[in-house]
Amino acid sequence: MKKTTAVAGLLATTLLGTVPCLNTANASSADQTIEPRTLKVKSHVMDLSIIPAAPPKTQLPADWWQNAVFYQVFVRSFSDSNGDGHGDIQGLIDKLDYIEALGVRGIWLMPMTLSHFHTNGYAVVDHRKLETDYGEMKDFQRLLEEAHKRDIGIIVDYVMNHAGVSNPLFRAVTYGRNQEYKNWFVWRPDNPGWTRWDGRQVWHGIRSGEHYYGVFWSLLPDFNLKNPDVLEYHYSSMRYWLNMGVDGFRFDAVKQFVENGASAQEDQPETLAILKDVQALVKSYDNTYMVCEAPGQSTLYSGDEACGSAFSFRFGNDLIRSVKHGRAAGSLAENYWHRTERPYTNIATLLANHDPFAGKRLMEQFSDDEARYKLAATLLLTHPGQPFVYYGEEIGMRHVRNESNKDFALRGPMSWQANKQNGGFTEGRPYRGLATNVMTHNVAMQEADPNSLLNTYRELIKLRNNNPALQNTAPLTVLTESGDKVAMYLRQSATQTLLVVVNLDDDETSISLADATKRAKSTGDWHPIYTSAEALNTGEALSANSEITLPPLSATVLELKPN
C-alpha cells in the first residue's frame, strides 16, 4: 500500500514564502507567520526556517513496526544505479523486490543527508539536504512511495548530537566570525581538560585560542542542545522529513546529548527531557516509530520518559556468546524482558551492525562456521524484541579487503554477484573495496541454494511473520538455565503455543517435551513447524511427553495443537 506524500508545496513554501511559526516540539499549527530564514556560507545556502507539521496520511498497516523485522541499509554501499561507484537511492529502489522477498517490513537508512566526508554520513553538513551523489529529492520521494506500496516502512538516521565541521552553522562561527550562531555549539575560552570514556580529550582549540566541545572527534562539534533555537532547528528538520512521508527515525548517540561537567557527560536529565519531547513530536504523526542508540543503557532510554525504544547490544552479544561456546549464557538463560521491565516492542535487538563496538561481521565472529551462524539467526528471530538485520548479514558478508579503518571495513559494498571487480554492486569501480568473501558469499549464488544463509534468513523471517506466537505481543517463558547445552523457550499468544528448541552443542542430544508441556498449561501433541534437523519432519505429531533427539547444532520450532 502507498503512503501519500504532499511535500512539494510545503518545500516551496518553506524556501520561498511564509510558513506558520511553531515554537514547541509537538506543536502542529499556529496563526503567526514568519519569513523564511537561511544562512549562506560561501556557496552553501542552508534553510533554517521553522517548519510546521503537515502529517501525510499513512496507508501502511496500523502499527506496522510492532512486529516488523527491520533491514539496516547503508545507501552508499548497497547498490549503484549509474556506474559512478557509489550506491544511490535509485539503486536501493531497484533492490526493493529483494528486500521484500527477505520478508522484512521496515528499512533503517543510515545517514543520507549531506555530510562532510561523503562516506559514513554522520558528519552532517545540512539536515535538510540529501547527500549529493545519492540522487535528487524526487528519487527519495519515489523510494518512499515504492516502499509503502510493498507495506514496508522507512526510518532514517537522525544525527542530533553533533554536526560536521563543514556545517555552515559551525563555519559561520569559526571562519566567518558570525557570532549569531556561536551559542549553537559549546565553547570555552580555554581547555578545561575533560576526557571521555577512553581517556581522549573532548575540547578542541581553534586559532583564537577558544575551544569547542566535540565528544567523538575534533571534526564533529557537539550542538548546544541547551539552546532552544538549536532544539527548534532540529525539531523543524525532523518535521521536514516526517512531512515528506518518512515513517520515523533512528537517533544516533543519544547518551551524549547534554554535558554538565567533566564527570557528567552522559545520561543527563536534560537529555531524557529532550528525548521525551522528540518522542512526542514523532508520535504526533500517525503510525511512526523511533529507536535510539544508547549502549549500556537500553533500559533507561527505552522507557516512555525518553525514547520509547532503544537497542540492546547486550542481548545480541549474549546470543553470540552462547552459540560460540555451546552453552546458554546471559540473556539466553534468563527472561531478559522481565529484568528490563519493558514491553517487547521497546527493545530493539540485533546481532551486529555498522559500529565496531557492536562486533565484527558475523561470519568473522563465527570463524566461517555457518551452522553456528544459522543458530544465532534462529535465536534472534524467534525471541521477542524488534529485530534488526544489517545489510549483508543475510549472506554472510565479511569485512572489506585491505581496509584498516574499522568503520569502513564494516560498511563495504553489498556482494550481489561473484565478481571480483565490482561484486555486482556497480558497473564501474566501487568507491571502496569489496568483501573478502565476495566470490563465495553473494546473493546470486545463495538464491540458488535452498540451504544457504540467505534462504535460512528468509525462512526464519517468514516463520516469524506467519506465527502470532513469535511476534511481539506473545509472552516468553524461558526453560533454560545458565550452562545448558540446549536453549528452550515457550512463546505463547492467545491462539498459539510454540516451543523453540536449539541444540548449541557439537554432539547429538535428547530432550523431553514433558516439562515444556506442563509449563505451557495446555494439552495436545507437538508438531514441528520449522526444523534445521532432518531427524524431525514438519507436521509429524509428537506426544506431550515425547523425547526428541536433536542433531548437533540444530534448531526446531514445535507447535502445541489440541488432540
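**Figure 1. The largest pocket and its lining.** In this predicted model, 36 residues line the largest pocket, and those nearest its centre are Arg 196, Phe 216, Leu 220, Asp 355 and Asp 407. The volume of the largest pocket is about 1100 Å³. Helix 13, which covers residues 406-409, supplies the largest share of the lining of this pocket, with 3 residues. Sorted by class, the lining of the largest pocket holds 13 nonpolar, 12 polar and 11 charged residues.

**Figure 2. The second largest pocket and the elements around it.** This pocket contains about 310 Å³ of space. It is lined by 16 residues, and Lys 374, Thr 456, Tyr 530, Thr 531 and Ser 532 are the closest to its centre. Two helices and two strands each give two or more residues to the lining: helix 12 (370-382), helix 15 (453-466), strand 22 (525-531) and strand 24 (554-561). Helix 12 gives the most, with 4 residues. The lining of the second largest pocket is made up of 8 nonpolar, 6 polar and 2 charged residues.

**Figure 3. The largest cavity.** Rolling a probe the size of a water molecule over the atoms shows where empty space is left. Across the whole structure, the search finds 4 cavities of 30 Å³ or more. The largest cavity has a volume of about 60 Å³. Its lining consists of Met 112, Thr 113, Val 124, His 127, Val 156, Asp 157, Tyr 158, Val 159 and Trp 241. Strand 8 (124-130) and strand 9 (153-158) each provide at least two of the lining residues. The largest share, 3 residues, comes from strand 9. In terms of class, 6 residues of this lining are nonpolar, 2 are polar and 1 is charged.

**Figure 4. The second largest cavity.** About 50 Å³ of space lies in this cavity. The residues that line the second largest cavity are Ala 352, Asn 353, Lys 360, Arg 361, Leu 362, Tyr 373, Tyr 390, Glu 393 and Leu 410. By class, 5 of them are nonpolar, 1 is polar and 3 are charged. One of the lining residues, Tyr 373, counts as buried because its relative accessibility is 0%, and buried means under 20%. Another, Arg 361, lies over the face of Tyr 391, at 5.0 Å from the ring centre.

**Figure 5. An edge-to-face pair of phenylalanines.** The whole structure contains 31 aromatic pairs. One pair is Phe 170 with Phe 185: the ring centres are 5.1 Å apart and the planes stand at 80°, so the pair is edge-to-face. Planes over 60 degrees apart count as edge-to-face. Phe 170 is part of helix 5 (residues 168-174), while Phe 185 sits in the loop between helix 5 and strand 10 (187-188), so the pair ties together parts that are 15 residues apart in sequence. Phe 170 counts as buried, at 3% relative accessibility. Phe 185 also counts as buried, at 2%.

**Figure 6. A tilted pair, Phe 366 and Tyr 373.** The ring centres of Phe 366 and Tyr 373 are 5.9 Å apart and their planes are at 40°, so the pair is tilted. That angle lies between the two cut-offs, since planes under 30 degrees apart count as stacked and those over 60 as edge-to-face. Phe 366 has a relative accessible area of 4% and is therefore buried. Its partner Tyr 373 is buried too, at 0% relative accessibility.

**Figure 7. An aromatic cluster, and a lysine over a tryptophan.** One aromatic cluster is formed by Trp 64, Trp 65, Phe 70, Trp 108, Tyr 289, Phe 311, Phe 313, Phe 357 and Phe 388. In a separate panel, Lys 95 lies over the face of Trp 416, at 4.1 Å from the ring centre.

**Figure 8. Helix 15, length and burial.** Helix 15 has 14 residues, which at 1.5 Å a residue should span 20 Å; the C-alpha atoms at its ends are 20 Å apart, so the two values agree. The expected span is 1.5 Å times one less than the number of residues. Helix 15 is mostly covered, with 10 of its 14 residues buried. The buried residues are Leu 453, Leu 454, Asn 455, Thr 456, Tyr 457, Arg 458, Leu 460, Ile 461, Leu 463 and Arg 464. Among them, Thr 456 also appears in Figure 2, as one of the residues closest to the centre of the second largest pocket.

Terms used:
Residues numbered from 1 in each chain as written. Predicted model: local features only at pLDDT ≥ 70, side-chain atom pairs only at ≥ 80, totals over all residues. Heavy atoms only, no water. 1 Å grid on protein atoms, 1.4 Å probe; cavity = no way out; pocket = protein on both sides within 12 Å on 5 of 7 lines; lining within 4 Å. Points joined across faces, edges and corners; volume = space filled by probe spheres on them. Nonpolar A, V, L, I, M, F, W, Y, C, P; charged D, E, K, R; others polar. Phe/Tyr/Trp six-rings, centres within 6.5 Å; stacked < 30°, edge-to-face > 60°. Buried < 20%, exposed > 50% of the residue type's maximum accessible area, 1.4 Å probe, protein only. Lys NZ or Arg CZ within 6 Å of the ring centre and 35° of its normal.
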